[in-house]
Structures are given as structure tokens and as C-alpha cells.
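Notebook, helix packing and aromatic rings. I list below what I looked up, entry by entry.

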Amino acid sequence: YMGHFLSVYFFFEIYIPALRMADAWTVTSYLAKAEARDKTARTVQFVCTTLLAAHTKQRGELLTPATVRQLETIRSQIRAARGTAQWLRQSGSLKNLLGYSGPRELYGPTAIRHLAMIGYISFQNVTWLRNVKILAGDPKASTKLAFKFFTIAWLMDLLLLIVRGRLGTRSGCISLLRILMRIYEGLHNSFWRRSDELAIAVNGIFVSLWQCHDFWTASRGRRC
């Protein structure tokens, strides 16, 4: 039911309006953003993962062996490319987090979220360094640890949403859905609570599409 709800929501609330408002400048502005390109690639990556997970559920009867190999190749190449690009971008994000000096911001859940994001980005960088053999160690271990911090950060977002009393608003309900989707992803990837691979892959598609929509909305209407 959740999958059907999200499909209807994205179709009527996001893609129909987006197609109506598409123009050459919006597309150019969207593709000029590194994060937008990353989330577009992430969508393709999770589409491949979804097809492969569905193939596994159907006991290998859904796709041909050649298609499986092609999907695995596309997924692995996108994952490797995104990992390299994210390592370069997240180094700047980590510097900003470590150098944060905003007034009255770092207390309670906000402080925990801040520290958790530092941990997440740090161990994601360790994962990349291990993948390219610069550091020794199992990249899967650092990925699990990174997503433990990731999950904690989104749990703090959930707590802040509740404390600030935003659940009674439409934007608050949308934020709640987005937060729960990220927590679901984090619990699975951290191995705190493993879920069905197909459900996680579909969740990843919706999260990525939602992020793409954010960047598309930001790009819409911008002119030189």
C-alpha cells in the first residue's frame, strides 16, 4: 500500500507539474548542479537494484542472464563514480561541519545530529579510501558504521520535528514521510534491522526521485 501511495503521489504532485514547467534553461540549470546529477545517477542505480532484487525474488526467471550482467555492470559503475564524486564533495561538507560556530544551535538533538553527520561523512570517506585500496580494511565494515551515524542523524531530525510541533501541518507530514524513509534506509544499511532487499530498493528510488524533485524545483525559473 505504501508503494502504491508513493507512486500516485509522485505522479500527480511532482512529475505532471514538472513536465509542464520544463524548459531548456531549467534542464540546463538542473544538470549544472553536481548534487542533482548525483541524485539522478542514484535513481538509475536503484532502478537497477530493484530489477535485480525482483529477479532474485522470482528465482531467476524475470530477466535473461545477459540483462542481469548488464544491470550489475551499470549499477557497479554508477556506484563507483558516485563514490569518487561524493568523496570530493563530502570533504568540503566535513570541513564546514567541523568549523561550525553558529550561535545557540548545538544543543540537545541538534548537537547529536551534527556529530552524527560528522561521523557519517567521515566513515563514508573511509569506505571510499578502502574501496580504492588506499586504506586497508573491509569497506563493508566502515559502510555499516557510517549508516549507524546516518540513522542516528535522521532519528534526531524526527525528534526535532516532533518537538517543534510541525506534525500538524502539511509540510510537517511530508517531512515526516521523508524522514521515515531515510531511517528505514539507514536501519537496513547499518544492519541494525535488515529489511527486504526489494522494498529497500524501491524506497531508494522514491528517496532519489524526491531529491531530484527538490533540485528541479530549485532550478525552475532561474535566469541569468
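I began with the burial of H7, taking helices as DSSP runs of H or I with at least four residues, numbered from the N terminus. Its buried residues are Gly172, Leu177, Ile179, Met181, Arg182, Ile183, Glu185, Gly186 and His188; buried means under 20% relative accessible area with a 1.4 Å probe and protein chains only.

The model is predicted, so I kept in mind that local features need pLDDT of at least 70, that side-chain atom pairs count only at pLDDT 80 or more, and that totals for chains, interfaces and linings use all residues. Residues are numbered from 1 along each chain as its sequence is written, and side-chain values use heavy atoms, with hydrogens and water left out.

Next I checked the length of H7. Its 20 residues should span 28 Å at 1.5 Å a residue, and the end C-alpha atoms are 29 Å apart, which agrees; the expected span is 1.5 Å times one less than the number of residues. For H8 (residues 197–219), 23 residues reach 33 Å from first C-alpha to last, close to the 33 Å expected.

I then looked up the largest nonpolar core (buried Ala, Val, Leu, Ile, Met, Phe, Trp, Tyr and Cys joined through side-chain atoms within 4.5 Å). It has 13 residues, and Tyr120, Phe150, Trp154, Ile179 and Ile183 have the most contacts inside it. H5 (108–131), H6 (139–163) and H7 (170–189) each supply at least two of its residues. H6 gives the largest share, seven residues.

Which residues does Phe150 touch, leaving aside neighbours within four places in sequence? I found Tyr120, Arg182, Glu185 and Gly186 in contact with Phe150, contact being heavy atoms within 4.5 Å. Phe150 and Trp154 are both buried.

For aromatic pairs I used rings of Phe, Tyr and Trp (its six-membered ring) with centres within 6.5 Å; planes under 30 degrees apart are stacked, over 60 edge-to-face, the rest tilted. The count comes to six pairs. The ring centres of Phe150 and Trp154 are 6.3 Å apart with planes at 55°, so this pair is tilted. Phe150 and Trp154 are four residues apart in H6, hence separated by about one helical turn. Tyr120, Phe147, Phe150 and Trp154 form one aromatic cluster.

Last, I turned to Phe191. Just after H7, Phe191 takes a positive phi of about 70°. Lys144 lies over the face of its ring, 4.1 Å from the centre, and the charged end of Arg194 sits over the Phe191 ring at 3.9 Å from its centre. The rule requires NZ of Lys or CZ of Arg within 6 Å of the ring centre and within 35 degrees of the ring normal.

Terms used: Buried means under 20% relative accessible area, exposed over 50%, partly exposed in between (1.4 Å probe, protein chains only).
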